[in-house]
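User: I am new to structural terms. Could you take me through a few of them on one example?

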Number of protein chains: 2
Amino acid sequence: MSLAPQSISTSMISSSSSAFLSPSNLNFNSRRQNAWVQAKRISVCKCVAAPQEEKIAYKTKVSRNGNLGKLQAGYLFPEIARRKAAHMLKYPDAEVISLGIGDTTEPIPEVITSALAKRSYALSTQEGYSGYGAEQGEKPLRAAIASTFYKDLGIEEGDIFVSDGAKCDISRLQIVFGSNVTMAVQDPSYPAYVDSSVIMGQTGEFQKDAEKYGKIEYMRCTAENGFFPDLSTVARTDIIFFCSPNNPTGAAATREQLTRLVQFAKDNGSIIVYDSAYALYISDDNPRSIFEIPGAKEVIPELIIYLFCCSCTRLMFFLLSFVAIETSSFSKYAGFTGVRLGWTVIPKELLFSDGFPVAKDFNRIVCTCFNGASNISQAGGLACLSPEGFKAVHEVIGFYKENTDIIVETFNSLGFKVYGGKNAPYVWVQFPGRSSWDVFSEILKKTHVVTTPGSGFGPGGEGFIRVSAFGHRGNVLEACKRFKHLYK
Amino acid sequence: MSLAPQSISTSMISSSSSAFLSPSNLNFNSRRQNAWVQAKRISVCKCVAAPQEEKIAYKTKVSRNGNLGKLQAGYLFPEIARRKAAHMLKYPDAEVISLGIGDTTEPIPEVITSALAKRSYALSTQEGYSGYGAEQGEKPLRAAIASTFYKDLGIEEGDIFVSDGAKCDISRLQIVFGSNVTMAVQDPSYPAYVDSSVIMGQTGEFQKDAEKYGKIEYMRCTAENGFFPDLSTVARTDIIFFCSPNNPTGAAATREQLTRLVQFAKDNGSIIVYDSAYALYISDDNPRSIFEIPGAKEVIPELIIYLFCCSCTRLMFFLLSFVAIETSSFSKYAGFTGVRLGWTVIPKELLFSDGFPVAKDFNRIVCTCFNGASNISQAGGLACLSPEGFKAVHEVIGFYKENTDIIVETFNSLGFKVYGGKNAPYVWVQFPGRSSWDVFSEILKKTHVVTTPGSGFGPGGEGFIRVSAFGHRGNVLEACKRFKHLYK
């Protein structure tokens, strides 16, 4: 019986910094009241004064994982959802518009939902039923991804791992890498890279003054450097997370910049994890995949070094490249944020220092910690890549890009410095000298529009807010009207 | 340029113990041939003899995660799939029947697929479209799971985390626990517990002689102890994985046994992770949830200790329990193995030794490393729990249970000792003194029926094979006919 003194103290159960446990506390209280009712039945207390209760909770003897203790506050987007909910509670009549979390809003084209429904119905038939699929994804979908996004880039069906989303794959990649690697990220960047790194124990503690975790290399991306890091100042790390078009800045790296990045990775023996979740939003001729960069994947004939032994029967050739992994998603292309479908490309020639293929370890994680994406979602993904589906997908992307133009024009007209937008569904608006969270709160309070504070993406995002172009047209227009009213 | 000597050696790329890299090797060869063609263009080689190639692969300087290096062979079921594929290649005309991997085979009832299709179509409409859902799952589904499976057990909607399957949740739980916990498993048991523990770095190396990983407590479950471990011989661990009805033995623990298990966990301050994925297969009155056991979850009035301070205005009460997490799945209930839907219950009063709620850390992992189950799958799950859907689900379960009876009768008639079956879709057949893999191979070779070798579930499974009842009736009857022919 665990009533030893060390297990008795005031419980932390009621302290919570996230919305998650708020209803829980209510539940807990209701359970506590039940216990109290039951307690009264066998209590010998006769006094009239209502007793004050103090919870002395039972605690297990299992230590909390120290890595989770390092994480700061909540994950960014649930935190924004919490603030939005609190705002709506305070202003129940306000017409709140969300241009915050980057969640798609437009219906999925029928050519795609028909495929989702068809696969659903088929599961009721002997011929159409399927159980466990290949953990790596269904063969036709893997092939379609390879041919649609990586044609002539040397990526083949077997290099593609279909998943339930890029965020999930980022964590699975971190499980592969383990706790002993070092990592670099763009600053600012999508928080899942840093948070998953902290969770896996790759980092030191959070340093409050710098707003950075120890042992992570933050590659500062500013307006001054065109949102591409000065690699000459970046320390060597094992892993380099790189997102282009970038979330949140909206900047798409150029071919020349990515060529330098690949060379930097090769010089350091690093692995690039390239997040191309927004690649289809690129309007110009910047690369849509890291594998467009010579050296990221392909054997470069010019660089092959031939060594013939004396008998001339033995040819040794060096494969000089394979430094990148690419992760992507149907979320922002086809409105699959709720349907859940993504993929990760790991060339099988990408090797750890001992020569072991990274893809083989990733495959093991996919088989052991995952069971493949939903077969229904995969049918939808295949429909997205049909000629008709891909056309429909581009129309929805075109719609969001029109939204982007409206937002960019609005902030430009108000005299703000505005970045992003051209190649991404995100507009990155500068508020020099101001705190991002203050601006976020000001906009929410005065316009009832939810944005995302730049500093939520890293210290490099301070002084910016991200405005998402995912929204109904009417909402985007209304939000821009309110922005104009606030900042005119 | 990484041509330093340490990065040059013969590549391991072509060595593979799994089916996964077989096509990859072909692909690699095709790419290599391309390179060779390109090479010839600039080669100065004039000799006639075809040169033997030796790959000198580029390797990154990223060290492989040592924990993954500890894993033995492939994950069990992909390994079986590989052997099945090899068998089919060897016997292309054989009618292979799979009673191996435990994959559901019967169509999903229409009342459920209609809901899947309806939600799919709705995604094409402004009103029906939904993007990111709550990472923890949709509220109506969480509520339905709570009321269907945990009514009167004190589990509420907020305790339920909806997921893409129990296997995925087991890994997410392991991420929560981290590398510094110790763990116990039933031996034999579903391999995901042990493998995910190895991956997270909780274990020592694999000890070939014992066929066990160091630092894992294997709780031997044998015919002699009724497949329930002798807890007096089990060392204290932080985490206890316990699956009932058990996969692979099919044994469902009794109320008395689970009461002892809960008491054991409380005495040790351990957390039980209870896998109830097969609970609906229970025919008798054994518990379907760990939360049926007093102390696993509920406040026990009899055990509340009241301490009144002298002024009698302060009541301190001790919550003595909350030792269990439960994970479960729609896979084996509704044929959702490919649709992907499961859930995990974490009472918010379950605390780490420092008083921090386990649910809060799990919630953080769910928000950071996962994005919720597919909204379509969740609509299907809700339909499963409607009165009509739940009835249909039970009919399919009834069908599989008839299969189980047929398999049990077959092996009984052949004089084998047969376990399981009554409360689970698995029949556990003893082959005294024989190697499980040998029996597996014998059955595959001579009957073209795929089973699962007991030793794949741990050393305690040696001498057994698991026969799954998931199959079309004709296949089960045919397989049993072949078993009778082989072992008559």
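Analyst: Start where two chains meet. This model is predicted. The axes of helix H10 (residues 358-369) of chain A and helix H6 (residues 166-177) of chain B come within 8 Å and cross at roughly 110°.

User: Why are H10(A) and H6(B) called roughly perpendicular?

Analyst: Their axes cross at roughly 110°. Angles of 65 to 115 degrees count as roughly perpendicular. The angle falls in that range, so the two helices are roughly perpendicular to each other.

User: Which residues of H10(A) and H6(B) meet?

Analyst: A:Cys367, A:Thr368 and A:Cys369 come from H10(A). B:Lys167, B:Cys168 and B:Ser171 come from H6(B). By class, the contact has 3 nonpolar, 2 polar and 1 charged residues.

User: What makes a residue of that contact count as nonpolar, polar or charged?

Analyst: Its type decides. Cys counts as nonpolar and Lys as charged. Thr and Ser are not on either list, so they count as polar.

User: How do H3 and H13 of chain B pack?

Analyst: Helix H3 (residues 76-90) and helix H13 (residues 436-447) of chain B pack at about 35°, and their axes are 11 Å apart. H3(B) passes H13(B) in a right-handed crossing. B:Leu76 and B:Ile80 are among the H3(B) residues in the contact, and B:Trp437 and B:Phe440 are among those of H13(B). The contact has 5 nonpolar, 2 polar and 3 charged residues.

User: Now a sheet. What makes S14 and S17 of chain B edge strands?

Analyst: In chain B, 4 strands form an open sheet in the order S14-S15-S18-S17, with antiparallel pairing. Strand S14 (418-420) and strand S17 (452-453) each have a single partner strand, so one side of each is left without a neighbour in the sheet.

User: How do you know that S17(B) and S18(B) pair?

Analyst: Pairing needs at least two bridges. S17(B) and strand S18 (residues 464-468) of chain B have 2 bridges, so they qualify. Their sense is antiparallel. B:Thr452 stands opposite B:Arg466 in S18(B).

User: Which way do the side chains of S3(A) point, and are they buried or exposed?

Analyst: A:Ile160 and A:Val162 point one way from strand S3 (residues 160-163) of chain A. A:Phe161 and A:Ser163 point the other way. All are buried, which means under 20% relative accessible area. In a regular strand, side chains alternate between the two faces of the sheet.

User: What joins S3(A) to S13(A)?

Analyst: 4 bridges join S3(A) to strand S13 (residues 342-345) of chain A, and the two run antiparallel. A:Ser163 stands opposite A:Gly342 in S13(A).

How values were computed: Residues are numbered from 1 along each chain as its sequence is written. Chains are lettered from A and ligands numbered from 1 in the order in which they are written. This is a predicted model: local features need pLDDT of at least 70, side-chain atom pairs count only at pLDDT 80 or more; totals for chains, interfaces and linings use all residues. Side-chain values use heavy atoms; hydrogens and water are left out. Axes are lines fitted to C-alpha atoms, for helices over the stretch in contact, and angles run from 0 to 180 degrees between N-to-C directions. Contact means heavy atoms within 4.5 Å. Buried means under 20% relative accessible area, exposed over 50%, partly exposed in between (1.4 Å probe, protein chains only). A crossing is left-handed if the near helix is turned anticlockwise from the far one by less than a right angle, and right-handed if clockwise.
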